[in-house]
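The following paragraphs lead the reader through one protein structure, step by step. Please keep the sequence and the three-dimensional view at hand while reading.

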Amino acid sequence: MKKVILLVLIVAGGWWYFIGGRKLSDDHVNGFYRDLEIATLQRQPDAICALLAPDFHSTGSVSTARNTQTVNQNKQQACDAYHDLYATWEKLGEKMGGMLQLDSQYTIHSISLSPDGKTATVDVSSSLDVAGTLMHIRSRSTDTLVRRNGKVLLLHSSGLGSVGAGS
């Protein structure tokens, strides 16, 4: 009897690891972006980093009033950038006499699931306003999401962004 139970557990675990914990749905994709927005608004760079796959990489062009720069990042570089950004906002908020307000929105334009359900390609745009009109961050990207051991992760992102001062 113990051998049968052990065999059932091995089969169930194998199914979960190779199939069940790796398939994506539209609900998984929507949940990922909801979790990303929550982590952003709660100022939790570690939670944002936890949503990036270990082999994450991104490519993007970021425009400011002065120039356009192409940025390529792996997970560690992206996490370092998130930590630096939130630390800068915290210092700026202190100088301004309080915590900076963050307002965030995102729009999923399309979700394309691969035939095997293991990846999703997502066309998404987002906006983040810092301290009302102090800074506006806008982006549009094509993201590749994967699901590993039941967790949805961002594997790749390629897009365009802009950072501007408010009016």
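Residue D123 is a suitable starting point, and it lies in strand β4. The model in which it is seen is a predicted one. Which residues does D123 contact, leaving aside its neighbours within four places in sequence? They are T107, I108, H109, S110, R140 and S141. One of these partners, T107, is 16 residues away from D123 in sequence, while the C-alpha atoms of the two are 8.6 Å apart in space.

Strand β4 also leads to the interior of the protein, since it is among the elements that give two or more residues to the largest nonpolar core. The others are α2 (26–41), β1 (52–63), α4 (75–95) and β6 (151–165). This core holds 16 residues, and those that touch the most other members are F32, Y33, V122 and L145. The surroundings of L145 may be followed in detail. Leaving aside neighbours within four places in sequence, L145 is in contact with L24, V29, F32 and Y33, with K118, T119, A120 and V122, and with V152, L153 and L154. Another core lies apart from the largest one; it has 8 residues, including I48, L102, L128 and V130.

Two members of the largest core, F32 and Y33, deserve a second look. Are they buried or exposed? Both F32 and Y33 are buried, which means that each has under 20% relative accessible area. Aromatic residues can also be considered in pairs, and the structure holds 3 aromatic pairs. A pair of aromatic rings is described by the distance of the centres and the angle of the planes. For F32 and Y33 the ring centres are 5.0 Å apart and the planes stand at 90°, so this pair is edge-to-face. Together with Y106, these two residues form one aromatic cluster.

The next topic is empty space. Rolling a probe the size of a water molecule over the atoms shows where empty space is left. The largest pocket has a volume of about 1400 Å³. Its lining consists of 48 residues, and V62, Q73, Y82, I137 and S139 lie nearest the centre of the pocket. By class, 23 of the lining residues are nonpolar, 21 are polar and 4 are charged. Which elements supply at least two residues each to this lining? They are α2, β1, β2 (68–74), α4, β3 (102–113), β4, β5 (135–148) and β6. Strand β6 provides the largest share of the lining, 8 residues.

Helix α4 contains A87. With a relative accessibility of 34%, A87 counts as partly exposed, because this class covers values between 20% and 50%. A87 and R43 are 44 residues apart in sequence, yet their C-alpha atoms are 9.6 Å apart in space.

R43 itself belongs to the loop between α2 and α3 (45–50). This residue is partly exposed, with a relative accessible area of 25%. Its backbone has a phi near 60°, a positive value in a residue other than glycine. N149 likewise has a positive phi, of about 50°, although it is not a glycine. Where is N149 placed? It is found in the loop between β5 and β6. N149 is partly exposed, and its relative accessible area is 47%.

Terms used: Residues numbered from 1 in each chain as written. Predicted model: local features only at pLDDT ≥ 70, side-chain atom pairs only at ≥ 80, totals over all residues. Heavy atoms only, no water. Core = buried A, V, L, I, M, F, W, Y, C linked by side-chain atoms within 4.5 Å. Buried < 20%, exposed > 50% of the residue type's maximum accessible area, 1.4 Å probe, protein only. Helix = DSSP H or I, 4+ residues; strand = E, 2+ residues; numbered from the N terminus. Contact = heavy atoms within 4.5 Å. Phe/Tyr/Trp six-rings, centres within 6.5 Å; stacked < 30°, edge-to-face > 60°. 1 Å grid on protein atoms, 1.4 Å probe; cavity = no way out; pocket = protein on both sides within 12 Å on 5 of 7 lines; lining within 4 Å. Points joined across faces, edges and corners; volume = space filled by probe spheres on them. Nonpolar A, V, L, I, M, F, W, Y, C, P; charged D, E, K, R; others polar.
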